[in-house]
Amino acid sequence: MATFSQWVEGSRPRTWPAAFAPVAAGTGAALHELSVRGEAVDLGLVLPRALIGLGVALALQIGVNYANDYSDGVRGTDDERVGPFRLTGSGAARPAVVKRAAVLSLGVGAALGVILTVLSGAWWMLAVGAAAVAAAWFYTGGSRPYGYLGLGEVFVFVFFGLVAVMGTAFAITGAFTLVALLAACAIGLLAVAVLVTNNLRDIPTDTEAGKLTLAVRLGDRRTRLLYAACMIGPFALLVPVMIAHWPAALVLLALPLAVAPVRTVLAGAAGRGLIPVLGATGRVELVASVLLLIGLAI
């Protein structure tokens with residue numbers, strides 16, 4: 001039976017910033033919009049919705065990680081892993097138990113999503129939430145998982161970028177704005193960088209297992225260039241936001257944190273040498289989102 005620490009490790013904490021970041025950025029975009037409207041910030045409205053949004057994002061992130069652990073484990077994709085610990089592949093937990101953990105996490109995310117929908121009154125968000133849960137499961141689950149077709153990065157950009165950031169902002173303000181869109185694209189690219197790091201590390205084993213991720217399709221060199229673009233591009237995307245609201249330039253303080261992991265990847269680090277890069281990439285996303293939140297709130 002897996003220990004508590006193994007369950008935590010199996011939930012892949014290094015990927016958790018991909019859940020925190022879009023909610024922070026979306027909240028920042030919402031606070032900026034309220035300021036532009038000249039409306040006072042009602043913390044009794046903003047804080048509960050932001051926290052529920054965070055709960056949704058974190059539950060879905062953990063759910064997709066457990067679902068990925070289960071699906072790759074039963075397919076044998078994780079039999080020769082060089083990456084972080086896996087519950088199913090290592091034999092620490094029975095596949096059925098890991099599957100139940102995934103379903104439970106996704107269920108918690110869905111329930112919190114319903115609460116957020118009721119609070120915001122935007123019932124169409126139920127359909128978006130259902131799509132997010134389905135995307136989490138079918139990343140590596142089902143008969144034709146899209147993660148095996150090279151579409152994982154597209155779905156991460158959409159759901160952990162566009163949907164999560166703009167959804168958070170909309171739940172608070174009831175409006176879609178250009179600032180929220182640009183923030184969503186920036187955070188989405190940083191979230192993609194996290195997945196690219198993971199898939200770059202796994203190119204040899206994924207190729208052997210027939211898992212045609214985008215990294216496998218692009219090849220080693222082009223995947224490294226994609227990673228660099230996903231790490232640097234977000235700061236360029238946010239230039240219009242900085243011009244319109246100069247305190248948002250605080251986000252540039254996160255740029256130096258991106259230098260070391262980008263250099264490591266471009267220098268050709270592979271296998272276990274990319275594990276620290278995964279954590280560093282997540283930190284860049286988290287720090288950038290918090291700085292953006294502060295800058296947009298000022």
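**Reading a predicted all-helix model**

Trainee: What makes the radius of gyration of the protein agree with a compact globule?

Mentor: A compact globule of 298 residues would have a radius of gyration near 19 Å, and the protein has 19 Å, so the two agree. Keep in mind that this is a predicted model. Along its principal axes, the C-alpha trace spans about 55 × 40 × 30 Å.

Trainee: How many helices and strands does the protein have?

Mentor: The secondary structure comes to 14 helices and zero strands. Read from the N terminus, the elements run α-α-α-α-α-α-α-α-α-α-α-α-α-α.

Trainee: What share of the residues is buried, and what share of the contacts is between residues far apart in the chain?

Mentor: Buried residues make up 55% of the 298 residues. Among contacts with a separation of 6 or more, 77% join residues 24 or more positions apart. The protein exposes about 12600 Å², with carbon and sulfur atoms supplying 71% of it.

Trainee: Why is Tyr66 called buried?

Mentor: Its relative accessible area is 8%, and buried means under 20%, so Tyr66 is buried. Tyr66 lies in helix 3. Leaving aside neighbours within four places in sequence, its contacts include Trp7, Gly10, Leu87 and Val98. The C-alpha atoms of Tyr66 and Gly10 are separated by 7.0 Å, although the two residues are 56 residues apart along the chain.

Trainee: How do you know that Asn68 is buried?

Mentor: The relative accessible area of Asn68 is 6%, which is under the 20% limit, so the residue counts as buried. Asn68 lies in helix 3, residues 43–75. Not counting residues up to four places away in sequence, Asn68 touches Arg12, Gly73, Tyr139, Thr140 and Lys211.

Trainee: Why is the pair Glu33 and Arg37 called a salt bridge?

Mentor: The side chains meet at 3.0 Å, N to O. The rule asks for a side-chain nitrogen of Lys or Arg within 4 Å of a carboxyl oxygen of Asp or Glu, so the pair qualifies. Both residues lie in helix 2 (residues 17–37), four residues apart, about one turn of the helix.

Trainee: What makes Glu33, Arg37 and Glu39 a network?

Mentor: Arg37 also forms a salt bridge with Glu39, the closest N and O atoms being 3.5 Å apart. Salt bridges thus link Glu33, Arg37 and Glu39 in a network. By this rule the count comes to five salt bridges.

Trainee: Are Glu33, Arg37 and Glu39 buried or partly exposed?

Mentor: Glu33, at 16%, is under 20% and so counts as buried. Arg37 has 34% and Glu39 has 39%. Those values fall between 20% and 50%, so Arg37 and Glu39 count as partly exposed.

Trainee: Which class do Arg201 and Asp202 fall in?

Mentor: Arg201 has a relative accessible area of 3% and Asp202 has 4%. Each value is under 20%, so both residues are buried. Their side chains meet in a salt bridge at 3.0 Å, N to O.

Trainee: What makes Val290 fit for a nonpolar surface patch?

Mentor: Val290 has 35% relative accessibility, and a patch residue needs over 30%, so Val290 passes. The patch, about 390 Å², is made by Phe20, Leu286, Val290, Ile294 and Ile298. Its largest share, three residues, comes from helix 14 (residues 275–297). Val290 has its place in that helix.

Note on methods:
Residues numbered from 1 in each chain as written. Predicted model: local features only at pLDDT ≥ 70, side-chain atom pairs only at ≥ 80, totals over all residues. Heavy atoms only, no water. Patch = residues over 30% accessible without salt bridge, like charges linked within 9 Å, V, L, I, M, F, W, Y side chains within 5 Å. Areas by Shrake-Rupley, 256 points an atom, 1.4 Å probe, with all protein chains shown as cover. Helix = DSSP H or I, 4+ residues; strand = E, 2+ residues; numbered from the N terminus. Buried < 20%, exposed > 50% of the residue type's maximum accessible area, 1.4 Å probe, protein only. Rg over C-alpha atoms; globule rule 2.2 N^0.38 Å. Contact = heavy atoms within 4.5 Å.
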